[in-house]
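Student: I have a protein model to look at, and I would like to learn how to read its strands and sheets. Could we go through it together?

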Amino acid sequence: QQPLALSSCHIALPAQTQASLVFTAGPPPSSLAGRGQALQMLQLELAAPFVECPRLTIAFSEPDGVAKRVLLHLPVAVARFLQPWILSADEYFRWWRAPGLTERQSSFQFAAAFDADSVRAILRNGAHLAVLENVDPIPTNFVAAGSLATRSGAAPPADSSGYSLMRIEVNPNYGRTAQGLPRAAGRLTVRSRSAAVADALVNALAAHFGGVTAPLP
């Protein structure tokens, strides 16, 4: 494999995202060895919730001189900027009932055998939420909370913090697998100050637990 000459490496923000993300990038590589890799350093700061992800355009010349361009969508969703928000039971339900929140729901069947510790790990390490223990009166359910780590440092309950509250209601005996084992199902509800965050959380978590997407980063 012969090296590729990289003529440009450009990151662009969609028009609707330009006011929401601030990024700095290190100098791009000028060439790429055959079967090699190059590291491009990026630093992203969140100013406000956004919907469309940044785009990376790479222009290069093949060994025969033919110019090519590749457009990639960077896997940077607004939910990646969440941070845990620890609440008491009274605080959780007070903010859950607060006016002006956007609510999104999704129902799904767990693709794998239901394991409460695995669900907690995904919520904590994948979604970066605080899992709130002994808050929901039903022991098989999960509740969690998080807020956006923004450039301004706004903290909940400020609107710009994009705080989100989540609940998963679990039915451990929803059905049976072909092997006769119990199969659980869940109903996921997110209430958030930001519709973009609510959509991102519901879509990512329901797809992950339902086994229709790759693990959360």
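Tutor: Happy to help; here are some questions and answers about this predicted model.

Student: How many helices and strands does the protein chain have?
Tutor: Here we count the runs of each kind along the protein chain. A strand needs at least two residues and a helix at least four. On that basis the count is 3 helices and 12 strands.

Student: Is strand 10 enclosed by the rest of the structure, and how many of its residues are buried?
Tutor: Nice place to start! A residue is buried if its relative accessible area is under 20%. Strand 10 covers residues 142-148 and is largely enclosed by the rest of the structure, because the residues that pass the test number 7 of the 7.

Student: Which residues of strand 10 are buried on each side?
Tutor: In a regular strand the side chains alternate between the two faces of the sheet. In strand 10, both faces are covered. One side has Phe 142, Ala 144, Gly 146 and Leu 148, and the other has Val 143, Ala 145 and Ser 147.

Student: Which residue stands opposite Leu 82?
Tutor: Leu 82 belongs to strand 7, residues 82-84. Strand 7 pairs with strand 10 in the antiparallel sense, over 3 bridges. Opposite Leu 82, in strand 10, stands Leu 148.

Student: And what stands opposite Ala 130?
Tutor: Look at strand 9, residues 130-131, which runs antiparallel to strand 10 and is joined to it by 2 bridges. Ala 130 has a partner in strand 10, and that residue is Ala 145.

Student: In strand 11, what is the bridge partner of Gly 146?
Tutor: Strand 11 spans residues 164-176 and pairs with strand 10 through 5 bridges, again antiparallel. The partner of Gly 146 there is Ser 164.

Student: Which are the edge strands of the open sheet with the order 3-1-5-6?
Tutor: This sheet has 4 strands with antiparallel pairing. An edge strand here pairs on one side only. That description fits strand 3 (31-32) and strand 6 (67-73).

Student: What is the bridge partner of Ser 61 in strand 6?
Tutor: Strand 5, residues 55-61, pairs with strand 6 over 7 bridges in the antiparallel sense. Ser 61 is matched in strand 6 with Ala 67.

Student: What share of the residues of the whole protein chain is buried?
Tutor: Now we step back from strand 10, where 7 of the 7 residues are buried. The protein chain has 217 residues, and the share that counts as buried is 36%.

Key
Residues are numbered from 1 along each chain as its sequence is written. This is a predicted model: local features need pLDDT of at least 70, side-chain atom pairs count only at pLDDT 80 or more; totals for chains, interfaces and linings use all residues. Side-chain values use heavy atoms; hydrogens and water are left out. Buried means under 20% relative accessible area, exposed over 50%, partly exposed in between (1.4 Å probe, protein chains only). Two strands pair if DSSP finds at least two bridges between them.
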